[in-house]
Amino acid sequence: MSNQTWRNTINNNPIQQSIRQFLAKFPLKTHRSPYGVRELDDPRLYIWGPGWKSGQETSFDQECVKWQTFLKFSKSDFETKRSNEPLMSPSGKLPFLILTTGDVLVDDSIEKHVTDMYSDNLGRINEQQEADSQSFIALADTKLRNALLYNLWCEPANESITYKKYVGHYAKPLDKLLFQKYKKLAVKELLTRKPVLNKEEIYQEADEALIAISNALGDSKYFFGSSLPTFVDAVVFSYIHVILNIPLNEVQVQSNLIKYSEKIYNEYILSGF
Amino acid sequence: MDNDEFPLRAHESDEKAEEFMNTNLEAKAKKYKEYEEAAIKLNNLVFDTKDCPFYVHSFRIHGTQKTRQSLFESVVYSALQARTLGSIIDEVHLAADKLNRLDIFKHIDVFLDKSSDPLAQPGAIDVILSTEEKSRFWIKTGTEIGNDAGSANISLNIRNVFGGAETLETYMSAGTQTSYVFEFCLAKPINGNPDSKVDISAYRLTKNNQSFSSHDEILHGIALRWRVLSKLGFHELTYGTSWRQICNIAKDATLSIRESAGHSLKSSVAHTLVRDMRDDIMLPSRGYYIKLFQELAGFNGDVFFVKNEFESQINFPLGKGFIFSASLRNGLLFPFKTQQSKISDRFFLGGAQSVRGFKLNGMGPREDKKDSLGGDAYVAAGVSLFTPLPKLSRHPVKGHFFVNGGSLMQINPSQRLAVSLNNLAKMPSVSAGVGVVYRSSILRLEVNFCLPLIATNTDKLKKGLQLGLGFNFW
């Protein structure tokens with residue numbers, strides 16, 4: 001309090017005030033900057049791209065496809081930009097979303113933003129289904145993700161295509177350096193869930209997870225018979241879409257899941273671009 | 001001087017001491033006279049015989065342990081070619097001076113003598129250099145202040161690594177906000193010439209640019225340099241490759257800064273010429289300074305540009321302690337093969353050491369109030385008048401009046417270069433002010449009251465008092 005009054009006395013000192021008034025007259029002349037303020041018209045999602053197959057607007061990276069799809073589900077206006085540079089992201093990973101306000105969102109904050117603003121376009125599920133949905137997401141994010149990471153980063157046959165997609169745009173020898181760095185990160189992540197990286201076991205578990213997911217989906221359009229897609233659909237679609245498009249796929253995808261992913265692709269992704 | 005006769009016992013009579021002093025002084029004077037005469041005689045002798053044919057019969061060097069013979073061979077080569085006494089003395093003197101400046105010996109004493117070799121021809125001279133090598137390891141610590149930041153550094157050095165006057169330096173520096181540096185450098189004089197050195201270095205550097213541009217930059221690089229002194233000045237020719245990472249983008253960074261994040265590899269050759277004729281680096285009173293810098297990037301890697309920079313300063317003493325100083329700087333970065341230059345390569349302008357009245361790197365292109373984006377072309381100029389201060393004329397303190405200004409722009413690759421450069425002249429930011437300058441033994445301190453006269457609406461102004469601490473001021 002006394003500090004405040006002390007400061008006020010200083011600031012209201014007549015000499016101080018007249019100095020301030022004098023300084024306010026400067027600069028005497030002001031140019032207008034030729035550089036306009038850059039503002040986004042729409043939120044922008046920075047992703048890895050382009051996709052595995054030519055003409056695909058979906059990213060080759062599962063995380064990017066997930067958020068792309070979820071934003072598409074919500075029918076919110078957004079544009080995607082293939083930046084291929086994870087250092088741009090606050091989390092060090094792509095994707096991230098920049099809102100027109102300038103806020104930068106990653107992961108859960110994107111989900112929160114979408115569910116807060118556009119919940120009308122998303123399916124509604126009850127508490128029980130919400131719990132089930134969380135377990136399917138966890139299943140996909142462990143078993144399917146293991147298989148995907150192993151396929152991309154640990155299969156010698158896939159090294160060249162993974163290299164081309166993730167680091168091919170860098171100058172030599174940064175490409176090799178960064179490839180090793182990303183590979184190390186992927187292996188490190190795998191080792192947090194699997195003490196020993198056994199190829200057969202990893203693919204086997206992914207096959208089992210896909211069977212469970214396929215059974216849960218059944219013949220319905222979306223999970224839990226919802227008429228509109230929910231977050232779990234974005235997650236499952238992203239894995240199946242990437243698995244189906246990787247040149248050297250090692251896991252079995254059930255026919256109902258293939259149909260499901262084609263439908264979502266045609267209805268939400270293709271129509272939107 | 002021999003002091004054996006000096007009465008050591010203090011209780012002996014004063015007279016005796018006085019007598020001793022007198023005779024001693026006389027003896028001293030006599031000895032000096034003898035020396036003088038001998039020196040004149042020697043001088044005359046040398047002068048008379050300077051054109052007589054002599055040659056160096058042998059060159060002996062005492063006191064070396066690690067230094068290789070080949071180093072001496074290259075240093076004394078021209079002395080061995082000399083054929084008159086005068087030129088032998090000159091060349092030996094030059095060689096001793098070179099050895100001295102290689103910084104590997106504590107002292108070098110030269111003796112010339114008539115050759116003692118019975119087989120020697122008439123006119124043969126033996127040259128004996130007696131030396132003592134400096135210790136091999138040394139550590140240096142220091143602090144640096146400048147551009148709103150301080151840093152502490154330490155360097156570990158190994159002298160005369162392979163016996164050819166090579167130096168190996170490991171340098172570390174950590175700063176309050178600006179940077180973290182680690183450098184490893186091996187330097188070698190060419191042909192034993194201390195004015196011509198090649199060095200190879202590997203470094204890692206972290207720059208914290210958060211305060212004006214919301215990012216950090218991490219550099220890893222290697223460079224091969226050749227530094228040489230010529231009649232024009234000091235040259236440095238560098239071939240280097242560096243991996244630059246723009247990272248740790250602040251949460252509220254400008255969009256363009258966020259989009260400039262990433263890795264790039266620059267491979268370039270650069271030439272720097274510095275001609276510094278000033279009487280002092282920090283607060284000169286006379287002389288001029290010119291620096292020219294050219295860089296061509298794009299040998300491999302993904303950065304392609306031509307960069308030119310010119311810096312100049314001239315100082316005149318006006319008498320009675322008044323000094324006039326003027327400076328002019330400009331730079332041009334011209335990217336090719338790519339749409340836009342990288343932020344790591346661009347110029348920044350503004351600050352107490354650059355253009356007063358503006359914040360550190362607070363001028364030039366920016367999208368909103370926050371981040372400086374840097375520019376591809378700049379011009380900056382300033383004039384200063386330093387005045388003596390009453391009662392302080394004996395101290396390195398001066399009054400200071402200045403007007404300085406500058407302009408920094410991006411080059412739009414779709415426009416013609418002339419149009420971009422025209423904008424540079426049209427929109428200068430100018431400020432004027434008055435203050436006090438103090439030059440201490442290690443840095444220059446300035447306190448100025450600054451008034452921006454002309455500015456661009458996006459410039460970050462520093463109205464009123466501005467403090468400057470550092471070595472290099474414009």
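Select A:Phe70 to begin: in this predicted model, the residue is buried, with a relative accessible area of 1%. Now add A:Trp67, which also counts as buried, at 2% relative accessibility. Both belong to helix 3 of chain A, and because they are three residues apart, about one helical turn separates them.

Show the side chains of the two. How do the rings of A:Trp67 and A:Phe70 meet, edge-to-face or stacked? Their centres lie 6.2 Å apart and their planes stand at 75 degrees; planes over 60 degrees apart count as edge-to-face, so the pair is edge-to-face.

**The neighbouring helix**

Next, select residues 62-73 of chain A, which form helix 3, and residues 108-118 of chain A, which form helix 4. Two packed helices are described by the angle between their axes and the distance between the axes. Here the angle is about 10 degrees and the axes are 10 Å apart. Angles under 35 degrees count as roughly parallel, and helix 3 and helix 4 of chain A are therefore roughly parallel to each other.

Which residues meet between these helices? On the side of helix 3, pick A:Trp67, A:Phe70 and A:Leu71; on the side of helix 4, pick A:Ile110, A:Glu111, A:Val114 and A:Thr115. Sorted by class, this contact has five nonpolar residues, one polar and one charged. The two ring residues from the start of the tour, A:Trp67 and A:Phe70, are thus part of the helix contact.

**A cluster of rings**

Staying in chain A, select A:Trp48, A:Trp52, A:Phe60, A:Trp153, A:Tyr163, A:Tyr166, A:Phe179 and A:Tyr182. Ring pairs link these residues into a cluster. Over all chains, a search of the whole structure finds 25 aromatic pairs.

**An annotated span**

Now colour residues 206-262 of chain A. An unreviewed UniProt entry places the feature "domain: Metaxin glutathione S-transferase" there. The span is 61% helix and 0% strand, and its end C-alpha atoms lie 20 Å apart.

**A ring pair in chain B**

Return to A:Trp67, buried at 2% relative accessibility, then move to chain B for another ring pair. The rings of B:Phe212 and B:Phe348 have centres 5.5 Å apart and planes at 65 degrees, so this pair is edge-to-face. Where do the two residues sit in chain B? B:Phe212 is in helix 4 (residues 210-213), while B:Phe348 is in the loop between strand 14 (322-335) and strand 15 (377-388). The pair links distant parts of the chain, 136 residues apart.

Finally, turn on the surface. B:Phe212 is buried, with a relative accessible area of 11%, whereas B:Phe348 is partly exposed, with 24%.

Methods
Residues are numbered from 1 along each chain as its sequence is written. Chains are lettered from A and ligands numbered from 1 in the order in which they are written. This is a predicted model: local features need pLDDT of at least 70, side-chain atom pairs count only at pLDDT 80 or more; totals for chains, interfaces and linings use all residues. Side-chain values use heavy atoms; hydrogens and water are left out. UniProt positions are given in the numbering used here, feature names are shortened, and annotations may be inferred rather than shown by experiment. Helices (H or I, at least four residues) and strands (E, at least two) are DSSP runs, numbered from the N terminus. Axes are lines fitted to C-alpha atoms, for helices over the stretch in contact, and angles run from 0 to 180 degrees between N-to-C directions. Angles under 35 degrees count as roughly parallel, over 145 as roughly antiparallel, 65 to 115 as roughly perpendicular and the rest as oblique. Contact means heavy atoms within 4.5 Å. Ala, Val, Leu, Ile, Met, Phe, Trp, Tyr, Cys and Pro count as nonpolar, Asp, Glu, Lys and Arg as charged, and the others, Gly among them, as polar. Rings of Phe, Tyr and Trp (its six-membered ring) pair if their centres lie within 6.5 Å; planes under 30 degrees apart count as stacked, over 60 as edge-to-face and the rest as tilted. Buried means under 20% relative accessible area, exposed over 50%, partly exposed in between (1.4 Å probe, protein chains only).
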